[in-house]
Amino acid sequence: MSSKNRSMPSLHSDEAAEDFVATADLTRYDLSGFKPMRFEIEPKAAALNMRLPASLLDAVKARAKAKGIPYTRYVRMLLETDVAQTR
């Protein structure tokens, strides 16, 4: 197998993933299919309730579905991105 042709093994636990990353030469694996992922560590202690036109909510849900994430997470991501840009 030439370099960059190996596929990633299935890792079924955090410990297995940590062991793999600690010992593997990741340059030998094809990582082109990987997508950035955000981890939500901060607890969600506040809630937001808002009324929107149905067409806007449908569009938001469609965009979130295309990205493969729940629409509430997508809305939170949009808010976080906008707030971060204005800082």
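These legends go with a few close-up views of a predicted model. Residue numbers start from 1 along each chain as its sequence is written. Local features need pLDDT of at least 70, side-chain atom pairs count only at pLDDT 80 or more, while totals for chains, interfaces and linings use all residues.

**View 1. The whole chain, helices and nothing else by way of secondary structure.** Here you get three helices and zero strands, running α-α-α from the N terminus; helices are DSSP runs of H or I, at least four residues, and strands are runs of E, at least two. The C-alpha trace spans about 55 × 30 × 25 Å along its principal axes. Confidence, given as pLDDT from 0 to 100, averages 86 over the chain, and 93% of the residues score at least 70.

**View 2. Helix H2, from start to finish.** H2 takes in residues 54-67, 14 in number, and reaches 20 Å from first C-alpha to last, close to the 20 Å expected at 1.5 Å a residue (the rule is 1.5 Å times one less than the number of residues). Just after H2 comes Gly68, with a positive phi near 80°. Among the helices, H2 has the highest confidence, at a mean of 97, and H1 (residues 14-23) the lowest, at 89.

**View 3. Who lines the largest pocket?** Its lining counts 24 residues, with Leu48, Thr72, Val75, Arg76 and Leu79 nearest the centre. Helix H3 (71-85) and H2 each supply at least two of the lining residues, and H3 gives the most, seven.

Key
Heavy atoms only, no water. 1 Å grid on protein atoms, 1.4 Å probe; cavity = no way out; pocket = protein on both sides within 12 Å on 5 of 7 lines; lining within 4 Å. pLDDT = per-residue confidence, 0-100.
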